[in-house]
Amino acid sequence: MSYNTILTEVEGKVAIITLNRPQVLNALNDELMNELSSALSGFDTDENIGCIIITGSEKAFAAGADIAAMAKYGFDDVYRRDFISRNWEGIRKVRKPVIAAVSGYALGGGCELAMMCDTIMAADNAKFAQPEIKLGIIPGAGGTQRLPRAISKAKAMDLALTGRMIDAVEAERAGLVARIFPHAELMTEVKAIAKTIADMPLLTAMMVKEAINTAYETTLSEGMHLERRLFHACFATNDQKEGMAAFVEKRSAKFTNS
Ligand code: CAA
């Protein structure tokens with residue numbers, strides 16, 4: 001399938017989606033978000049794919065929602081069509097692991113898009129911010145909800161109230177970013193991580209994702225209950241039999257994603 005605002009490629013069991021509106025630093029307009037949702041759901045249902053990477057350019061992962069488009073909107077436009085939630089939150093429905101590989105700016109909706117992914121790997125030139133306050137709006141794609149869960153209330157307030165940018169080192173120290181790589185090596189390193197994940201038993205990887213994401217949506221006792229049931233469900237898979245047999249027999253496991 002060909003798209004106007006994103007590029008897609010597949011390397012082995014890893015799908016790579018590159019945001020591609022370089023003239024506006026990958027500002028996230030409706031067309032891009034629709035295409036991103038469509039590509040994600042295609043890869044999610046593709047049996048040959050085990051992990052998905054979302055990335056941008058060296059200068060910008062994404063500089064936020066498209067301000068030029070939003071500048072024309074009134075309350076009626078955004079409320080009536082539930083602006084932001086409609087074609088953004090679908091990303092959370094993807095059941096396979098999704099990694100954000102962030103180089104350059106991840107601002108506003110760009111930072112929020114990265115936070116919708118399951119983990120964030122950053123280049124050493126990455127910059128994160130929720131600068132919406134400077135435009136007279138608050139973050140509208142999860143910044144006020146996911147940021148405090150990722151980095152603490154004090155730091156989320158600091159970022160969303162001042163709009164200041166943090167670099168990769170500060171983002172990693174705060175817990176927003178999992179790992180930092182030299183920018184020239186970002187994609188090589190993230191593809192290797194994605195391959196490692198894609199080579200894991202897929203059903204188990206999906207259960208890890210579901211269980212960890214549920215930690216952000218529920219109480220500890222309900223989360224523990226879900227974890228226990230998914231843990232039990234692992235014992236119904238062929239890959240649990242194979243993984244444990246391979247360990248006992250001191251050989252490499254051959255997973256069949258079943
Ligand atoms: N929307 C639309 N266009 C954007 C954009 C955005 N978010 N960010 C950058 N652009 C455009 C610029 O208008 C410019 O276009 P022209 O060449 O036609 O003038 C082009 O991209 C290059 O940008 P700059 O010339 O500004 O590049 P720079 O290197 O000087 O600065 C920057 C880079 C600091 C990222 C700056 O572009 C900037 O501050 N961008 C806006 C960041 C922002 O406020 N993001 C939040 C948006 S609101 C939001 O996301 C709401 C939400 O919660 C979902």
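**Ligand shell, buried strands and helix faces in a predicted model**

D66 lies in the loop between β4 (60–62) and α2. The model examined here is predicted. In it, D66 counts as buried, because its relative accessibility is 11% and the cut-off for burial is under 20%. The side chain of D66 reaches the backbone nitrogen of A69, at a distance of 3.2 Å. Beyond the residues up to four places away in sequence, D66 touches R21, A27, L28 and N29.

The ligand is surrounded by 24 residues. K59, A65, G109, E112 and E132 are the closest of these. Polar contacts to ligand oxygen come from both backbone and side chain. For A65, a backbone N or O atom lies 2.8 Å from an oxygen atom of the ligand. For E112, an N or O atom of the side chain is 2.8 Å from a ligand oxygen. For E132, a polar side-chain atom lies 2.7 Å from an oxygen atom of the ligand. Taken alone, the ligand exposes 990 Å², and the protein buries 63% of that area. Three elements each give two or more residues to the shell: α2 (67–70), β6 (105–107) and α5. By class, the shell holds 15 nonpolar, five polar and four charged residues.

Two isoleucines illustrate the packing of the strands. I17 lies in strand β2, which spans residues 14–19. Its relative accessible area is 0%, so I17 is buried. Leaving out residues up to four places away in sequence, the contacts of I17 are I6, L7, T8, L36, A39, L40, F43, I52, I53, I54 and T55. One of these partners, I53, is 36 residues from I17 along the chain, yet the two C-alpha atoms are separated by 6.1 Å.

I54 is found in strand β3, residues 51–55. It too is buried, because its relative accessibility is 0%. Apart from neighbours within four places in sequence, I54 is in contact with I17, L19, L36, L40, F61, V98, I99, A100, A101 and C117. L36 and L40 thus appear among the contacts of I17 and among those of I54. I54 and S221 are 167 residues apart in sequence, and their C-alpha atoms are 33 Å apart in space.

Two helices were examined for the placement of their buried residues. In helix α6 (residues 143–151), the buried residues are G143, R146, L147 and I151. Seen down the axis of α6, they fall within an arc of 105 degrees, so they line one face of the helix. An α-helix has 3.6 residues a turn, so residues three or four places apart point the same way. The buried residues of α6 pack against α5 (109–116), α7 (153–162) and α8 (168–174). Among these partners, α5 also contributes to the shell around the ligand, with two or more residues. Just after α6, S152 takes a positive phi of about 95 degrees.

In helix α12 (residues 238–248), D239, Q240, E242 and A246 are buried. They cover an arc of only 170 degrees around the axis, so they sit on the same side of α12. The cover over these residues includes α11 (220–234).

Backbone angles complete the picture. Most residues other than glycine have a negative phi. K250 is not a glycine, but it has a positive phi of about 55 degrees. K250 is found in the segment after α12. At 78% relative accessibility, K250 counts as exposed. L25 is likewise not a glycine, and its phi is positive at about 50 degrees. L25 lies in the loop between β2 and α1 (30–44). With a relative accessibility of 27%, L25 counts as partly exposed.

Note on methods
Residues numbered from 1 in each chain as written. Predicted model: local features only at pLDDT ≥ 70, side-chain atom pairs only at ≥ 80, totals over all residues. Heavy atoms only, no water. Buried < 20%, exposed > 50% of the residue type's maximum accessible area, 1.4 Å probe, protein only. Helix = DSSP H or I, 4+ residues; strand = E, 2+ residues; numbered from the N terminus. Arc of directions from axis to C-beta. Contact = heavy atoms within 4.5 Å. Near = heavy atom within 4 Å. Polar contact = N/O pair within 3.5 Å; in protein donor to acceptor, adjacent residues only side chain to side chain. Areas by Shrake-Rupley, 256 points an atom, 1.4 Å probe, with all protein chains shown as cover. Nonpolar A, V, L, I, M, F, W, Y, C, P; charged D, E, K, R; others polar.
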